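Please open the model in your viewer and keep the sequence panel at hand. The tour below proceeds by selections, each followed by a description of what is found there.

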Amino acid sequence: FAPTHEALARAYILKHDYQGATAELKRVIALDPQSEGSYYQLGLIYMEQKLPAQAEAAFSQMLKIDPNSADGHAGLASALSEQHRNPEALDEYKRVAGIDSLYEDVYFNMGVIEARLNLLDDAIASLLKQRQVADSADNENLLAGVYDSKGMKKEADNARQKAAEFQKQK
């Protein structure tokens, strides 16, 4: 029966019927409490609905099943960040990087949090790592802002120039 509920949940998600999807995912979890994918989907739905505390609970349950899930830690980090719990979010993003150093935007997200926490040298290091993994205009603009905060005008101008080049490529 769980696969039927999973299929229904996917159909509801595609229609943006998050209430229906949530109900089906909860049915899956009732039938199979070890369904880590259901907890993950539930967390994503809660994030989409701007319910980060509920998302945190769902991602935390997922991580009890699979503590080495990069997706689970990234979801939890996002939920914590939305609740302005930046030190905890940063710890989760560091876990993601430890599990999968090529995880999409992990270093960018770390840089954002580090900048919020005024850990500017750490933010620069994270954003430079992101540049090596998958650079983007957003990454370069954030890097420029951090360089500006440190009074590093030349570096900030170079990052802005790279951001402009990315924008031209689009």
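In which helix does tyrosine 18 lie? Select it in this predicted model: tyrosine 18 lies in helix α2. Its relative accessibility is 17%, and because buried means under 20%, tyrosine 18 counts as buried. Next, display its surroundings. Leaving out residues up to four places away in sequence, tyrosine 18 touches Ile13, Ile45, Glu48 and Gln49. One of these partners, isoleucine 45, is 27 residues away in sequence, yet the two C-alpha atoms are 6.5 Å apart in space.

Step back now to histidine 16, in the loop between α1 (2-14) and α2. This residue is exposed, with a relative accessible area of 57%. Inspect its backbone as well: phi is positive, about 60 degrees, although histidine 16 is not a glycine. Most residues other than glycine have a negative phi.

A second backbone feature of this kind can be selected at aspartate 105. Its phi is near 65 degrees, again a positive value in a residue other than glycine. Aspartate 105 is placed in the loop between α6 and α7, and at 33% relative accessibility it counts as partly exposed.

Turn next to the interior. Which residues touch the most other members of the largest nonpolar core? Select Val106 and Met110; they hold that position among the 32 residues of this core. The elements that give two or more residues to the core are α2 (18-31), α3 (36-48), α4 (52-65), α5 (70-82), α6 (86-99) and α7 (106-116). Keep methionine 110 selected and show its contacts: apart from neighbours within four places in sequence, methionine 110 meets Leu90, Tyr93, Lys94, Ala97 and Ser126. A second, separate core has 11 residues, among them Leu120, Ala123, Val146 and Tyr147. In soluble globular proteins, nonpolar side chains tend to be buried together.

Finally, select helix α9, residues 137-149. At 1.5 Å a residue, its 13 residues should span 18 Å, and the end C-alpha atoms are indeed 18 Å apart, so the expected and modelled spans agree. Which residues of α9 are buried? They are Ala137, Asn139, Glu140, Leu143, Ala144, Val146 and Tyr147. To see what covers these buried residues, display elements including α7, α8 (120-134) and α10 (153-169). The last stop is glycine 151, just after α9, where phi is positive at about 75 degrees.

Conventions. Residues numbered from 1 in each chain as written. Predicted model: local features only at pLDDT ≥ 70, side-chain atom pairs only at ≥ 80, totals over all residues. Heavy atoms only, no water. Core = buried A, V, L, I, M, F, W, Y, C linked by side-chain atoms within 4.5 Å. Buried < 20%, exposed > 50% of the residue type's maximum accessible area, 1.4 Å probe, protein only. Helix = DSSP H or I, 4+ residues; strand = E, 2+ residues; numbered from the N terminus. Contact = heavy atoms within 4.5 Å. Expected span 1.5 Å × (residues − 1).
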